[in-house]
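Here is a set of short exercises to work through with the model open beside you. Try each task on your own before reading its solution.

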Amino acid sequence: MNSRRLDPGELPREERRGRRERHLLALTGGGYRGLFSAEILAAAEADGGVPLAKRFDLIAGTSIGGVLAIGLACGVPARDLAELIREYGPAIFTSRPLSFAGLSKSRYGNDGLRRAIEAVLGKPHAQRPFADVPIPLVVSAVQEGTGTPHLFRSNGAAAGRGDEVPTLDVALATSAAPTYFPPHPIGDRVYVDGGLVANAPDLVVLTEAMRQFGCRLDECHLLSIGTAGPPRAGTVEGAPGKFGWLARHAIIDLIMTAQEALAIDQVRCLRPGTFLRIDAKPARRIDLDDASAAATKMIVELAQKAVEHTKQTRAAEWRQFLAHLA
């Protein structure tokens, strides 16, 4: 942890002059486990007393983290986001006929996800150009045909040159995890889940902040929220071929988990001004498509414990993020 812990609101005015401190939020992908992130966000918003998006100069999200980031940036209360995940999760993760667990086609269609996003944002906001989202926002995806990462940016994150595509399409693109959901077309391009390259978009939000705002790394204060993922995803027996990996979605889970772990480790090595990562490791694996009552109970309990632990061990940083106004 960098010893330089600045709370701009407590610095004398003459010391604040000329500083460019930036508070950043990174939301990890993880399917239904995004309920963990939403519960953390709801607790933070309740403690802070104002819409959480107003606390951050830039927000980045991937997959369900991207959906949550869009919701926050569009003014949806964090508690509502948590309740909507609970309500729509079972419908989102209802297997399609003849998908054979994702072997013949994606295991789930995106109709349930589309309805959930429209319920979160309201249809008018869902169809609004992503560029017009009022908070600086970055959401990651991958172009399927070329393997090229794509960062969808609002105007506030792109100096007025944000992506002029419907916000709903961005949410569906960042959530299109291979084998789980179908790729999502936008115009003449097709996108899949940004979790393949930035499941934890922490490095993304840091580099985008420095690019957009011209701030130094030590002027970046990053709150990063995980999704209570397993310590090891994608275990298969023996030496499986394509069928063994795909039958259990193991290759996709492994890619996303490995990318997330590497990104978090690299951010810790870089030592931004503040780095507060809130996550938890469940006693047993919670699959990203497990929307059962048992999984829901475990996720909510993990989130409550994570908030309590953060307040006990990282109280100063928790207060710092909830005192800032962008």
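**Exercise 1. Find the sign of phi for glycine 75, and say where glycine 75 sits relative to H3.**

Solution. Step 1: go to the place just after H3, where you meet glycine 75. Step 2: read its phi, which is positive at about 90°. Helices such as H3 are DSSP runs of H or I with at least four residues, strands are E runs of at least two, and both are numbered from the N terminus.

Before you go on, two notes on the numbers: residues are counted from 1 along each chain as its sequence is written, and side-chain values use heavy atoms, leaving out hydrogens and water. The model is predicted, so local features need pLDDT of at least 70 and side-chain atom pairs count only at pLDDT 80 or more, while totals for chains, interfaces and linings use all residues.

**Exercise 2. Which residues other than glycine have a positive phi: look at threonine 179 and alanine 228, and decide whether each is buried or exposed.**

Solution. Step 1: threonine 179 is not a glycine, yet its phi is about 75°. Step 2: threonine 179 belongs to the loop between H7 and strand E5 (184-186). Step 3: its relative accessible area is 17%, so threonine 179 is buried; the cut-offs are under 20% for buried, over 50% for exposed and partly exposed in between, with a 1.4 Å probe and protein chains only. Step 4: alanine 228, also not a glycine, has a positive phi of about 55°. Step 5: the loop between strand E7 (220-225) and helix H10 (242-247) holds alanine 228, which is buried with a relative accessible area of 0%.

**Exercise 3. Work out how H3 and H7 are arranged, and how many of their residues are buried.**

Solution. Step 1: the axes of H3 and helix H7 (residues 167-174) are 8 Å apart, at an angle of about 155°. Axes are lines fitted to C-alpha atoms, for helices over the stretch in contact, and angles between N-to-C directions run from 0 to 180 degrees. Step 2: H3 and H7 are therefore roughly antiparallel (under 35 degrees is roughly parallel, over 145 roughly antiparallel, 65 to 115 roughly perpendicular and the rest oblique). Step 3: the crossing of H3 and H7 is right-handed, meaning that the near helix is turned clockwise from the far one by less than a right angle; anticlockwise would be left-handed. Step 4: in H3, 10 of the 10 residues are buried, so H3 is largely enclosed by the rest of the structure. Step 5: H7 is mostly covered, with 8 of its 8 residues buried, including Leu168 and Thr174.

**Exercise 4. Classify the H3–H4 pair and the H5–H7 pair by angle.**

Solution. Step 1: H3 and H4 have axes that come within 10 Å and cross at roughly 140°. That makes H3 oblique to H4, and their crossing is right-handed. Step 2: for H5 and H7 the axes come within 10 Å, crossing at roughly 135°. H5 and H7 are therefore oblique to each other, again with a right-handed crossing.

**Exercise 5. Lysine 123 and leucine 168: how far apart are they in sequence and in space?**

Solution. Step 1: find lysine 123 in helix H6 (residues 123-127); at 56% relative accessibility, lysine 123 is exposed. Step 2: lysine 123 and leucine 168 are 45 residues apart in sequence, and 8.8 Å separate their C-alpha atoms. Step 3: try the C-alpha atoms of alanine 291 and glycine 89, which are 202 residues apart along the chain and separated by 5.7 Å. Alanine 291 lies in the loop between strand E8 (274-278) and helix H12 (293-313).

**Exercise 6. Describe the lining of the largest pocket.**

Solution. Step 1: a pocket is an open set of points on a 1 Å grid over the protein atoms alone, where a 1.4 Å probe fits, with protein on both sides within 12 Å along at least five of seven lines; lining residues have an atom within 4 Å of a point. Step 2: 43 residues line the largest pocket, and Gly29, Gly30, Gly31, Arg33 and Ile64 lie nearest its centre. Step 3: H3, H4, H5 and H11 are the elements giving two or more residues to this lining, and the largest share, 8 residues, comes from H11.
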